[in-house]
Amino acid sequence: MWSNLQDQLLSNLSDTADALGIAEMDWQHLLVWMSGQLLVTFILLVLAALLYGLLELILKLAIGRRRALNSIYLAVKRGLQYLVTLFVVIAVVAQYGGDAALLKSIARGGLMAMGFYVGWVLVAQTILKTLHRYRIDPSLEQLLKNSLSVMFLVLGAVTVLAQFGFDVWSIIAGLGIVGIAVGFAAQSTLSNFIAGVTLLIERPFRIGDWVRINDQEGRVQKIAFRTTWLRTRDNIFTMIPNDNVASSEIVNFSAEGPTRIRIKVGIAYKESAQAARDAILPVLAEHPKVLQEPDMMPRVRMEALGDSSIDLEVLAWIRREDIDTKARIASEILEGIKSCLDEAGIQIPFPHLQLFIDDAKGLKPLVSPLRIKDEGGTAANNP
């Protein structure tokens with residue numbers, strides 16, 4: 001049985017080899033050739049690693065250990081890594097039979113790609129330094145950086161493809177047609193992109209502002225072309241589509257700098273509002289996060305006469321940087337207010353109901369008769 005299965009398997013493999021035209025192939029010769037090629041590839045990788053190590057050593061000796069040149073050292077090191085990798089790719093392609101035209105195309109394309117990357121880094125650094133010098137808004141800085149990235153990426157890709165014989169103008173025309181088709185198919189993406197550009201130009205908020213958008217409250221971390229990134233108080237990142245951001249109500253808590261905390265406090269009617277104010281103000285003065293500036297001093301004011309309490313409102317200003325901890329600061333202040341009112345003996349009322357009954361005849365059997373003791377000590381009923 002097993003011999004029949006083996007004969008059938010060998011027959012099937014033979015038929016498959018005949019169909020593929022590899023029946024007459026010398027497998028032993030092919031195995032030797034592949035082993036030799038892999039060995040040569042391994043030697044090339046070892047030589048490239050040794051070459052990179054030697055160049056890196058020379059670079060360290062030339063630059064030294066000066067901390068001021070760390071950025072230059074890292075940039076040159078990345079360039080060496082890229083060049084050595086390009087050299088290995090060209091050598092391997094040549095080893096496996098690549099012709100001279102292909103090797104030249106790979107070399108030119110690799111060097112041009114590196115040139116575009118270096119140009120993008122230099123232009124971006126120059127523009128960013130200029131923007132920092134004139135204190136341009138980070139949102140516009142990000143918009144310009146993203147636009148430069150897209151421009152250099154497209155130009156670099158088209159230039160590299162041209163080195164391999166592709167018709168650049170045909171590619172551009174094809175991309176235009178495809179772009180129109182994609183535009184109809186991805187209207188929401190384009191809408192978010194346009195909304196993102198609008199947000200970066202109009203600037204209803206900036207990177208670092210604390211905002212509320214669509215019931216999502218947090219600090220703006222990034223304004224991308226398609227989404228806006230928020231970080232909440234729970235350190236959760238939320239990405240909101242720019243189309244929704246542009247069409248919703250935006251509350252910016254930090255656009256004008258410091259913001260104010262409002263805390264409601266009620267005291268009993270028998271207590272003095274001035275005494276409560278004198279007890280609460282030291283708590284606000286001692287808190288390190290509460291501002292004590294002339295036009296932003298903490299205050300305690302009477303807001304209303306409630307049903308069962310005198311309603312006070314505690315007002316305290318905090319810095320823009322502390323808005324993300326606003327809830328914790330308010331909790332600390334409220335806890336301090338509770339302690340100081342208890343120490344001052346000022347009552348904080350709680351809801352209660354007082355009932356007055358006039359001429360309640362239905363309750364007479366329950367409260368009558370009353371037992372009254374006479375002078376002799378005997379008890380009598382008094383109807």
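Which residues of the largest nonpolar core touch the most other members? Select I280, V314, I333 and L341, which hold that place among the 24 residues of this core; a nonpolar core here is a set of buried Ala, Val, Leu, Ile, Met, Phe, Trp, Tyr and Cys residues joined through side-chain atoms within 4.5 Å. Before going on, note that this is a predicted model, in which local features need pLDDT of at least 70 and side-chain atom pairs count only at pLDDT 80 or more, while totals for chains, interfaces and linings use all residues. Residues are numbered from 1 along each chain as its sequence is written, and side-chain values use heavy atoms, with hydrogens and water left out.

**The largest core**

Colour β6 (259-267), α9 (273-286), β8 (310-318) and α10 (326-343), each of which supplies at least two residues of the core with 24 residues; helices (H or I, at least four residues) and strands (E, at least two) are DSSP runs, numbered from the N terminus. Then centre the view on V314, which touches I261, R262, I263, V265, I280, L284, R299, V300 and I337 when residues up to four places away in sequence are not counted, contact meaning heavy atoms within 4.5 Å. Apart from the largest core lies another core, of ten residues, and L200, F205, I213 and L230 are among them.

**The loop between β1 and β2**

Next, select N214 and D215, which are both in the loop between β1 (210-213) and β2 (216-223). Most residues other than glycine have a negative phi. N214, although it is not a glycine, has a positive phi of about 50°, and D215, also a residue other than glycine, has a positive phi near 65°. N214 counts as partly exposed because its relative accessibility is 37%, whereas D215 is exposed, with a relative accessible area of 76%; the cut-offs are under 20% relative accessible area for buried, over 50% for exposed, and partly exposed in between (1.4 Å probe, protein chains only).

**Strand β2: R219 and E217**

Move along to R219, which is found in strand β2. Is R219 buried or exposed? With a relative accessible area of 13%, R219 is buried. A polar atom of the R219 side chain lies 2.6 Å from the backbone oxygen of G208. If its neighbours within four places in sequence are left aside, R219 is in contact with G208, D209, W210, W229, L230, R231, R320, E321 and D324.

In the strand that holds R219, strand β2, E217 is the next residue to select, and its side chain meets that of R233 in a salt bridge (3.1 Å, N to O). This pair links distant parts of the chain, since E217 is in strand β2 and R233 is in the loop between β3 (227-231) and β4 (237-241), 16 residues apart. The side chain of E217 also meets that of R212 in a salt bridge (3.5 Å, N to O). A salt bridge is defined as a side-chain nitrogen of Lys or Arg within 4 Å of a carboxyl oxygen of Asp or Glu, and by this rule the count comes to eleven. The three residues here count as partly exposed, with relative accessibilities of 23% for E217, 34% for R212 and 35% for R233.

**Charged pairs elsewhere**

Now turn to helix α10 and show R328 and E332, whose side chains meet in a salt bridge (3.1 Å, N to O). Being four residues apart in that helix, R328 and E332 are separated by about one helical turn. R328 counts as partly exposed at 44% relative accessibility, and E332 does so at 34%. To see a network of salt bridges, select R262, K264, R301, E303 and E313, which are linked in this way.

**Helices α2 and α3**

For the last stop, select L39, F42, I43, V46, L47 and L50, which form a nonpolar patch on the surface, with about 580 Å² of accessible area together. Such patches are made of residues with over 30% relative accessible area and no salt bridge, with like charges joined within 9 Å and nonpolar side chains (Val, Leu, Ile, Met, Phe, Trp, Tyr) within 5 Å, and accessible areas come from the Shrake-Rupley method with a 1.4 Å probe, for which only the protein chains shown count as cover for residues. One of the patch members, L47, lies in helix α2 (residues 27-63).

Finish at V84, which lies in helix α3 (residues 70-95) and is buried, with a relative accessible area of 12%. V84 touches A48 and Y52, not counting residues up to four places away in sequence. V84 and L55 are 29 residues apart in sequence and 9.9 Å apart in space, C-alpha to C-alpha.

Key
A polar contact is a pair of N or O atoms within 3.5 Å; within protein, one must be able to donate a hydrogen and the other to accept it, and residues adjacent in sequence count only if both atoms are side-chain atoms.
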